[in-house]
Amino acid sequence: MMRNKVLAVDYHKCIGCRICEQWCSLSHHGVISPVKARVKVHRIEETGANIPVICTQCNPAPCVSICPENALSRDLKTGAVRVNDDLCVACRKCMNACPNGAISLDTSGETVLICDLCKGKPQCVAQCPTNSLTYVLPEIVGREQRTRIARCFEKGGRE
């Protein structure tokens, strides 16, 4: 049985270059346009932090269960949520249900954009110059952060 991987983010490594957004839109739409990207880098101006917002392929996925048109389903090969554009009516219920805010409305307004993991070869991960984004087994997500926090406590400091 194949185990599906998911995207993970190390927020400390993100430099806000937005290359992930560019490659996402280019690979899916043939244009470099952040509004067409399925990954979004959110910049917090007060702190200067850059936070890539990604779909974590929740299991179970609230976006899939709330879709009234059954336009969302799970790709059996990759485990990614996929959108059937012919069924999607852009009601935005999936956007509201997403705990990560990782779903956006396509600029056409006729469908939604959800990470499809690029058929198992996510371009955002492949092109990230700082390795902020990784494609890992679900049980690995958070391991690095837990280790970093544990080391900080071991030293008596804060992260």
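In the hairpin of β2 and β3, Ile44 has Ala49 of β3 as its bridge partner. The two strands, β2 (residues 40-44) and β3, run antiparallel and pair over five bridges; pairing here takes at least two DSSP bridges between two strands. Four residues sit between the strands of this hairpin, and Gly48 has a positive phi near 80°. As for the names, helices (H or I, at least four residues) and strands (E, at least two) are DSSP runs numbered from the N terminus.

All of this comes from a predicted model, where local features need pLDDT of at least 70, side-chain atom pairs count only at pLDDT 80 or more, and totals for chains, interfaces and linings use all residues. Residues are numbered from 1 along each chain as its sequence is written, and side-chain values use heavy atoms, with hydrogens and water left out.

Next come the open spaces. The largest pocket holds about 480 Å³ of space. Of the 25 residues that line this pocket, Ala8, Val9, Asp10, Tyr11 and Val141 are the closest to its centre. A pocket, on a 1 Å grid over the protein atoms alone, is an open set of points with protein on both sides within 12 Å along at least five of seven lines; a cavity is a set where a 1.4 Å probe fits but cannot get out, and lining residues have an atom within 4 Å of a point. Grid points are joined across faces, edges and corners, and a volume is the space filled by probe spheres set on the points.

Several elements share the lining of the largest pocket: β1 (6-9), β3 (49-53), β8 (133-136) and α5 each supply at least two residues. The biggest share, four residues, is from α5. By class, this lining splits into eleven nonpolar, eight polar and six charged residues. In this scheme Ala, Val, Leu, Ile, Met, Phe, Trp, Tyr, Cys and Pro are nonpolar, Asp, Glu, Lys and Arg are charged, and the others, Gly among them, are polar.

Helix α5 itself covers residues 143-154, twelve in number, and reaches 16 Å from its first C-alpha to its last, close to the 16 Å expected at 1.5 Å a residue. That expected span is 1.5 Å times one less than the number of residues. After α5 comes Gly156, with a positive phi near 80°.

Two of the residues close to the centre of the largest pocket, Asp10 and Tyr11, deserve a second look. Asp10 lies in the loop between β1 and α1 and counts as buried because its relative accessibility is 10%. Buried means under 20% relative accessible area, exposed means over 50%, and partly exposed is in between (1.4 Å probe, protein chains only). Leaving out residues up to four places away in sequence, Asp10 touches Ser132, Glu144 and Arg148, where contact means heavy atoms within 4.5 Å. Tyr11 is placed in the loop between β1 and α1 (19-29), but counts as partly exposed because its relative accessible area is 41%. Beyond its neighbours within four places in sequence, Tyr11 is in contact with Asn50, Ile51 and Pro52. Tyr11 and Pro52 are 41 residues apart along the chain, yet their C-alpha atoms are separated by 7.2 Å.

The second largest pocket has a volume of about 280 Å³. Its lining has 16 residues, with Arg38, Arg82, Val83, Ile114 and Asp116 the closest to the centre. The elements giving two or more residues to this lining are β5 (81-83) and β7 (112-113), and β5 gives the most, with three. The classes here come to six nonpolar, three polar and seven charged residues.

Closed spaces turn up too: a search of the whole structure finds four cavities of 30 Å³ or more. The largest cavity has a volume of about 90 Å³ and is lined by 14 residues, with Cys55, Cys58, Cys63, Cys98 and Ile103 nearest its centre. Its lining has eleven nonpolar, three polar and no charged residues.

A few backbone details round things off. Asn59 and Pro60 are joined by a cis peptide bond, with omega about 5°, and Pro60 is in the loop between β3 and α2 (62-66). Arg18, a residue other than glycine, has a positive phi near 65°; Arg18 is found in the loop between β1 and α1. Arg92, also other than glycine, has a positive phi near 75° and is found in the loop between β5 and α3 (93-97).
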